[in-house]
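Here are my notes on the model you sent over. I've kept them as numbered points, so you can follow along with the structure open.

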Amino acid sequence: MKKVGLVGGISWISTIDYYKLINEGVNKKLGGLQFAECLIYSINFGDLQEKSWKQSYEILLNACLSLKKSGVDALVLCANTAHMYADEIEKEIGLPLIHIGTETAKAITQEKIKTVGLLGTQFTMEMDFYKDHLKSFGLEVLIPEKQETRDYMQHVLKEELGRGIVNPDSKQNYINIANELIARGAQGIILGCTEIPLLMDQSHFSIPVFDTTKIHSEAIVNFMLG
């Protein structure tokens, strides 16, 4: 089994989901008492927030360097937004980085979908790093049109879901936002922040929903056992 290093704490809520899904995935394939051999470097999300995502490269890089020194075979950034630095980190560290955008794009193309709605942090939705990665697979990407909508989504992710708070009103609002994307032509919805599955899942929609936490975790398991 290959050993994987996970950069977590962004946020700790979804890092728990990663740990659970990866261990369940390994055990499903190997049975018995076989579970994942992995290391988690859980950063202090407060430190990252003080610097802001746009100034967080050194925090993420140092976490990855620590994991490399521990002898891991590959790296994982347990957050969609952290992938704004994925290419730089992979080049600097010299280890494979299992990219959440790549794995999500593969899952979407398998469904023969061309147009997807992207829900995520303000950075993931507004900056080009994630959308361009999806577009390189031939996908058209829709995000909420109104700035106030994207600002609201960021507030919920930071002040509620990042703390483990699930607000029923926020849940309904997020579902409404996703339905607006569907009305604009989205054939699938990407839950492009690893906390969004706390609010909604496939059961809320008639079109495919792509849970990036689950997709990423499955890819990690496949790497570990491949």
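1. Before the element names start: helices here are DSSP runs of H or I with at least four residues, strands are runs of E with at least two, and both are numbered from the N terminus. Also keep in mind that this is a predicted model.

2. With that naming, Gln 154 belongs to helix H8, residues 147-159. Is Gln 154 buried or exposed? Its relative accessible area is 14%, and buried means under 20%, so Gln 154 counts as buried. Setting aside neighbours within four places in sequence, the contacts of Gln 154 are Thr 121, Gln 122 and Phe 123.

3. On to helix H1, residues 12-30. Does its length add up, or what should the span be? At 1.5 Å a residue, the 19 residues of H1 should span 27 Å, and the end C-alpha atoms are indeed 27 Å apart, so the two agree. Just past the end of H1, Gly 31 has a positive phi of about 75°.

4. Which residues of H1 are buried? They are Ile 13, Ser 14, Thr 15, Tyr 18, Ile 22, Asn 23, Gly 25 and Val 26. When you look at the spacing in that list, recall that an α-helix has 3.6 residues a turn, so residues three or four places apart point the same way. The buried residues of H1 pack against three strands, S1 (4-8), S2 (38-42) and S3 (74-77), and also against helices H5 (100-110) and H10 (212-225).

5. Those strands deserve a point of their own. They make an open sheet of three strands in the order S2-S1-S3, paired in parallel. S2 and S3 are the edge strands, each pairing on one side only. From one strand to the next, the twist averages 20°. Helix H3, residues 57-69, packs on this sheet and touches S1, S2 and S3; the direction of H3 makes about 155° with that of S1.

6. For a closer look at one pairing, take S1 and S2: they run parallel and are joined by five bridges. One to find on screen is Val 4, whose bridge partner in S2 is Cys 38.

7. Last, the largest pocket, which holds about 200 Å³ of space. Which elements give two or more residues to its lining? H1 and H10 do. The lining residues are Leu 21, Glu 24, Gly 25, Lys 28, Lys 29, Lys 214, Ser 217, Glu 218, Val 221 and Asn 222. Gly 25 is worth a second glance, as it is listed among the buried residues of H1 and also lines this pocket.

Methods. Residues are numbered from 1 along each chain as its sequence is written. This is a predicted model: local features need pLDDT of at least 70, side-chain atom pairs count only at pLDDT 80 or more; totals for chains, interfaces and linings use all residues. Side-chain values use heavy atoms; hydrogens and water are left out. The expected span of a helix is 1.5 Å times one less than its number of residues. Buried means under 20% relative accessible area, exposed over 50%, partly exposed in between (1.4 Å probe, protein chains only). Contact means heavy atoms within 4.5 Å. Two strands pair if DSSP finds at least two bridges between them. Axes are lines fitted to C-alpha atoms, for helices over the stretch in contact, and angles run from 0 to 180 degrees between N-to-C directions. On a 1 Å grid over the protein atoms alone, a cavity is a set of points where a 1.4 Å probe fits but cannot get out, and a pocket is an open set with protein on both sides within 12 Å along at least five of seven lines; lining residues have an atom within 4 Å of a point. Grid points are joined across faces, edges and corners, and a volume is the space filled by probe spheres set on the points.
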